[in-house]
Amino acid sequence: MSTPHFTTSRRTFIRAAALPAVLPLARGVAAAEDEPYFHRVRREFPFGEEKVPMNAANLCPSPRSVADRVSELTRDIDRDCSFQNRGKFSRFTEAARSAVAAQIGASPDETALVRNTSEANNIVNAGVGFGPGDDIVLWDQNHPTNNVAWDVRAARRGFAVRRVATPRHPKSAADLVAPFVDALRPETKVLSITHVSNVSGIRLPVRALADEAHARGIHFHVDGAQSFGAVALDMEAMGADTYSSSSHKWFCGPKECGVLFVNASRIPELWPSVVAPGWGNDAEPDPVGARKFESMGQRDDACLAAMETTAAFHAGIGPERIEARVLDLARRLKEGIREQGIPLVTPMPDALSAGVVIVETPAEARREVFSRMYEEHGIAGSTSGGFRLSPHLYNTGEHIERALAGLTALRSLIV
């Protein structure tokens, strides 16, 4: 092991943690007062100004400290891939687990570091016991790995899958809760939803839904791909039995790492979908708690270790401040779009949305808007649900203005 190598890694870790942790902007404080700080944050990311990422709902750049940590540890393994040298990575993984658990308000023993949201969703899908006559309720806006995956399993096991549609333009949280409550039945075993939709930007009131599910003895699963790293999280306050997410989206972490939270009371009853070395030699797992869902064989040790660096980066800024920034950028974007008379899919109120902003765009025009926004205006978005923009903590007020200018120039294609 090269000692100077790890000195450098530690320095990049400290650099990430050194960003000042402060309280979020108070209500009524002008967003411009926080703009200089987030210009400093933007400089931690290596992308150029000619092509600006505004697609956090799909993939985020990592800050330099995280990318450096992955590269340095990968080089270390390639220099010496012996068991002796790699032995330290178990400590790094446990440190990463503890840091991520702190980010989501969970215990390390309830936190598994898996490969992405899709895998986490499928661990829950495969792990809950179902039989004929059982029933699962889904949101029709769930991601396919929290939607179609249930259909695939139901075809084999014979349980019923029902989807709930919510109002296209909800006025309140009650508008979003009521359709789910109406759908729950005595035979319903799982309610599985998405915290923030990637196709509408709607944020569901998860605590209210958790209470309704638990009052009926129903397992409540939350796909948090669009909330982990974008909003401040507390698993106990949320009330989820299981929660899934990825590192490569709003968390700005290493690629191919995800998080699965399993409430301690649910761990014994949830079966793992993969059993590999690390499990033990009999049916009872050796790993403690949610670690039993990580028995997957060889993993990218550098990627897992860099989750600690990513958590330090977020903690240095503060999850509440990050959420305030994401909501502020999304609000500015939505207000500017509305002022142009361009229709939005995403609700205006912060309570009903987060960082995903979707412009209502004719299906035949989406690809052209998507391409021209990137080629002519340097804004990278997506065609999911319309034309989707997802600004994050590395975006600036100038980026928002550029996106609005691009939409103005392409307005005739949209309206």
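This briefing covers two helices, a pocket and a cavity. The model is predicted: local features need pLDDT of at least 70, side-chain atom pairs count only at pLDDT 80 or more, and totals for chains, interfaces and linings use all residues. Residues are numbered from 1 along each chain as its sequence is written, and side-chain values use heavy atoms, with hydrogens and water left out. Helices (H or I, at least four residues) and strands (E, at least two) are DSSP runs, numbered from the N terminus.

**Helix α13**
- Helix α13 has 15 residues, 363–377, and its end C-alpha atoms are 21 Å apart. That agrees with the 21 Å expected at 1.5 Å a residue, where the span is 1.5 Å times one less than the number of residues.
- Ala 365, Val 369, Met 373 and His 377 are the buried residues of α13. Buried means under 20% relative accessible area, exposed over 50%, and partly exposed in between (1.4 Å probe, protein chains only).
- These buried residues lie on the same side of α13, because they cover an arc of only 70° around the axis. The arc is that of the directions from the helix axis to the C-beta atoms.
- Glu 364, Arg 367 and Glu 375 are exposed on the other side of α13.
- The buried residues of α13 pack against β10 (379–380), β11 (387–389), α14 (397–409) and α15 (411–414). Contact means heavy atoms within 4.5 Å.
- Gly 378 comes just after α13 and takes a positive phi of about 65°.

**Helix α12**
- Helix α12 (residues 319–339) has 21 residues and reaches 30 Å from its first C-alpha to its last. The expected value is 30 Å.
- Gly 341 follows α12 with a positive phi, near 75°.

**The largest pocket**
- The largest pocket has a volume of about 540 Å³. A pocket is an open set of points on a 1 Å grid over the protein atoms alone, with protein on both sides within 12 Å along at least five of seven lines. Lining residues have an atom within 4 Å of a point.
- Of the 19 lining residues, Thr 93, Glu 294, Arg 299, Asp 301 and Leu 304 are the closest to the centre of this pocket.
- Helix α5 gives five residues, the largest share of the pocket lining.

**The cavities**
- The whole structure holds two cavities of 30 Å³ or more. In a cavity, a 1.4 Å probe fits but cannot get out.
- The largest cavity has about 80 Å³ of space. Its lining includes Gln 103, Phe 228, His 314 and Ile 322.
- Helices α5 and α12 each supply at least two residues of this cavity lining.

Terms used: Points joined across faces, edges and corners; volume = space filled by probe spheres on them.
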